[in-house]
Amino acid sequence: MMWNTAATAASRLVRVNLATRPDDDLTTRAGQAQRAATAAREVARLKAEGAQIVFVDVHAEVTSEKIAMGWYLDGQATAVVGTHTHVQTADARVLPNGTAYLTDVGMTGPHDSVIGVVTEAALGRFLNAMPAKFEPATGVARLNAAIVTADPASGRAMAVERVNMSAAEVEALAAASAAATGS
Ligand SMILES: [Fe+2]
């Protein structure tokens, strides 16, 4: 398991990246319990140091592990959002004790691909079981994100919204925003 914590002192917004690695023992309860305990400890430490908003990125393969982590940190972290599987899930919600949750935020990049890899290369390996060089795909991209609305005083999330926009929709939004601000 790897940790990376980024903080901006002025806003007291802290992001925690929790990543599981292939050599982690994903199948045993001991491994999962250890990851959960470490995550809860890190969130508690950051809050004790003055963090108001704690955003946890769970970078993991297994959806059930990410969901369990969301429930476990409900009321402790402001948000628990998953990454790694690249496909946005439709389960954005605020859990009962105020933690925003989404199993996977998705991928910002070219979606005419196999999770970002040139389709032909991925298909070659898929169909022939032969090693193939995985090149990043190019082409028109989609924006995937999650917007969390939170109360800094309590650290609780009030809303979470999935964002899944085409490049054209992003450009239209930018144009509308520029027109509204007169810039
Ligand atoms: Fe990953």
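**How do you know? Strands, core and loops**

Author: Let's start with a sheet: in this predicted model, three strands in the order E7-E8-E9 form an open sheet, and their pairing is antiparallel.

Reader: What makes E7 and E9 the edge strands?

Author: Strand E7 (109-110) and E9 each pair on one side only, and that is what puts them at the edges.

Reader: How do you know that E8 and E9 pair?

Author: Count the bridges. Pairing needs at least two bridges between the strands, and E8 and E9 have ten, in the antiparallel sense. Therefore they qualify as a pair. One example to look up is Ala146, whose bridge partner in E9 is Arg162.

Reader: Which helix lies across E8 and E9?

Author: That's helix H4 (residues 167-181), and it runs at about 115° to E9.

Reader: Where does all this sit in the chain as a whole? How many helices and strands are there?

Author: Four helices and nine strands. Read from the N terminus on, the order is β-β-α-β-α-β-β-β-β-α-β-β-α.

Reader: Let's go to the parallel strands. How do you know that E2 pairs with E3?

Author: Same test: at least two bridges are needed. E2 and E3 run parallel and are joined by seven, so they pass. Arg15 is the residue that stands opposite Phe55 in E3.

Reader: And which residues of E2 are on its covered face?

Author: Val14, Val16 and Leu18 are on the covered face, while Leu13, Arg15, Asn17 and Ala19 make up the uncovered one.

Reader: What about E3 and E4: how many bridges join them?

Author: Five, and these two strands run parallel as well. Here Asp57 stands opposite Val81 in E4. E4 is also joined to E6, again in parallel, by three bridges, with Ala79 opposite Ala100 in E6.

Reader: What makes E4 largely enclosed?

Author: Four of its five residues are buried, so the rest of the structure largely encloses E4.

Reader: Which elements make a right-handed β-α-β unit?

Author: E3, H2 and E4 do. In H2, which covers residues 63-72, the buried residues include Lys66, Met69 and Gly70.

Reader: How do you know that they are on the same side of H2?

Author: They span an arc of only 105° around the axis, which means they share one side of H2. In general, an α-helix has 3.6 residues a turn, so residues three or four places apart point the same way.

Reader: Why is Val58 called buried?

Author: Val58, which lies in strand E3, has 29 other C-beta atoms within 10 Å. The cut-off for buried is 20 or more, so Val58 counts as buried.

Reader: Which residues is Val58 in contact with, leaving aside its neighbours within four places in sequence?

Author: Leu18, Lys66, Met69, Val80 and Gly82. Gly82 is 24 residues away along the chain, yet the C-alpha atoms of Val58 and Gly82 are separated by 4.6 Å. Val80 has its own list, with the same sequence neighbours left aside: Val56, Val58, Met69, Gly70, Leu73, Thr99 and Tyr101.

Reader: How many residues does the largest nonpolar core have?

Author: It has 29, and Val43, Val54, Val56, Ala79, Val80 and Val160 are those with the most contacts inside it. Among the elements that each supply at least two residues are helix H1 (29-48), strand E3 (53-59) and strand E8 (141-151). E3 gives the largest share, five residues.

Reader: Now the loops. Why is Ile115 called partly exposed?

Author: Ile115 sits in the loop between E7 and helix H3 (119-128). It has 14 other C-beta atoms within 10 Å. Buried starts at 20 and exposed means 12 or fewer, so Ile115 lands in between, as partly exposed.

Reader: And why does Ala129 count as exposed?

Author: Ala129, in the loop between H3 and E8, has 8 C-beta neighbours inside 10 Å. Exposed means 12 or fewer, so Ala129 falls in that class.

Reader: What is phi in Ile115 and in Ala129?

Author: Phi of Ile115 is near 40°, and Ala129 has about 55°. Most residues other than glycine have a negative phi. Both values are positive, although Ile115 is not a glycine and neither is Ala129.

Technical notes: Residues numbered from 1 in each chain as written. Predicted model: local features only at pLDDT ≥ 70, side-chain atom pairs only at ≥ 80, totals over all residues. Core = buried A, V, L, I, M, F, W, Y, C linked by C-beta atoms within 7 Å. Contact = placed C-beta atoms within 7 Å. Arc of directions from axis to C-beta. Axes fitted to C-alpha atoms, helices over the stretch in contact; angles between N-to-C directions. Right-handed = clockwise from strand over helix to strand, strands pointing away.
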